[in-house]
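Please look through the sequence and the structure below before reading on. The report that follows starts at one edge of a sheet, works across it, and then turns to a few single residues.

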Amino acid sequence: MAYGLRPANTAGAGYHTGGFVEYQINPDEYNTAIFNGSCVTMTAGKGITLLPVPVATAATTTGVLVGARWTNSEGEIKFGQSYDGNTTNEAGSAYAFVALASDTIFRVQGTAQFAAAQRGTPRTATTGATGSAITGNSNLTCTNAVASAGSSALVVIDVVNDGKQLSSATPDLLVRFAS
């Protein structure tokens with residue numbers, strides 16, 4: 001089952017704290033659910049918005065949604081691993097928790113068996129911009145077809161080394177956003 005992009009590590013020698021940045025979502029202008037593991041971008045006048053798939057370039061990607069908080073129509077502050085996009089939420093009260101694309105390594109499900117030649121190659125984040133209302137997870141995956149360097153959002157670093165992924169038809173991959 002696809003789960004979108006999950007922060008797995010930090011690029012470089014720094015510590016990985018699982019940190020995120022909080023950005024405002026404007027539910028008056030943007031009333032679509034955003035699922036955990038979905039690629040998001042900063043849009044002028046709207047705050048954080050969901051990127052349509054396939055995500056073909058990293059240039060527009062601010063990061064990956066890892067949670068949200070908002071105030072519902074009853075005045076209750078809600079926290080979730082996804083944002084529900086409900087138009088009855090209190091205007092201006094929705095915030096996205098975003099793992100930044102610039103310095104994070106992500107884990108994502110691939111769409112075909114892994115081969116060593118895939119390391120370092122450009123890929124596209126694909127499948128869908130939706131997710132599960134039950135789990136709150138995105139259904140975003142990483143295509144295993146090579147994309148051109150200028151039109152790909154992700155670069156494959158490696159397969160998750162747990163003894164099961166090399167032979168899997170849908171392996172878990174470690175990826176970074178293309179620069």
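## From the edge of a sheet

In this predicted model, the strands β9 and β12 (residues 154–159) run antiparallel and are joined by 2 bridges. One residue pair shows where the two strands meet, since the bridge partner of Pro122 in β12 is Val155. These two strands belong to an open sheet of 5 strands, in which the order is β1-β8-β13-β12-β9 and the pairing is antiparallel. At its edges lie β1 and β9 (122–123), each of which pairs on one side only. As general background, the strands of a sheet pair through backbone hydrogen bonds, and they may do so in a parallel or an antiparallel way.

## Strand β8 and its two partners

Within that order, β8 stands between β1 and β13. With strand β1 (residues 6–10), β8 forms 4 bridges in the antiparallel sense, and here Asn9 has Ile105 of β8 as its bridge partner. With strand β13 (residues 172–177), β8 again pairs in the antiparallel sense over 4 bridges, and Phe106 has Val175 of β13 as its bridge partner. Is strand β8 (residues 104–109) mostly covered or mostly open? It is mostly covered, as 5 of its 6 residues are buried.

## Two residues and what they touch

Arg6 has its place in strand β1. Leaving aside neighbours within four places in sequence, Arg6 is in contact with Ile105, Phe106, Arg107 and Asn137. Arg6 and Ala99 are 93 residues apart along the chain, while their C-alpha atoms are separated by 8.9 Å.

Leu100 lies in strand β7 (residues 94–100). When its neighbours within four places in sequence are left aside, the contacts of Leu100 are Val21, Tyr23, Thr62, Gly63 and Phe106. Leu100 and Phe20 are 80 residues apart in sequence, yet from C-alpha to C-alpha they are 6.8 Å apart in space. Phe106 is thus named among the contacts of Arg6 and also among those of Leu100.

The table sets out the relative accessible area of four residues.

| Residue | Relative accessible area | Class |
|---|---|---|
| Arg6 | 37% | partly exposed |
| Leu100 | 26% | partly exposed |
| Cys39 | 2% | buried |
| Cys142 | 0% | buried |

Why does Cys39 count as buried? A residue is called buried when its relative accessible area is under 20%, and Cys39 meets this condition because its value is 2%. Leu100 counts as partly exposed because its relative accessibility is 26%, a class that lies between the buried limit of 20% and the exposed limit of 50%.

How many disulfides does a search of the whole structure find? The search finds 0 disulfides. In general terms, a disulfide is a covalent bond that links the sulfur atoms of two cysteines.

## The chain as a whole

The protein chain has 13 strands and 0 helices, so its pattern, read along the sequence, is β-β-β-β-β-β-β-β-β-β-β-β-β. Of its 179 residues, 46% count as buried. Among the contacts between residues at least 6 apart in sequence, 66% join residues that are at least 24 apart. The chain exposes about 8,400 Å², and carbon and sulfur atoms supply 53% of this area.

Methods. Residues are numbered from 1 along each chain as its sequence is written. This is a predicted model: local features need pLDDT of at least 70, side-chain atom pairs count only at pLDDT 80 or more; totals for chains, interfaces and linings use all residues. Side-chain values use heavy atoms; hydrogens and water are left out. Buried means under 20% relative accessible area, exposed over 50%, partly exposed in between (1.4 Å probe, protein chains only). Two strands pair if DSSP finds at least two bridges between them. Contact means heavy atoms within 4.5 Å. A disulfide is a pair of cysteine sulfur atoms within 2.5 Å. Accessible areas come from the Shrake-Rupley method with a 1.4 Å probe; for residues, only the protein chains shown count as cover.
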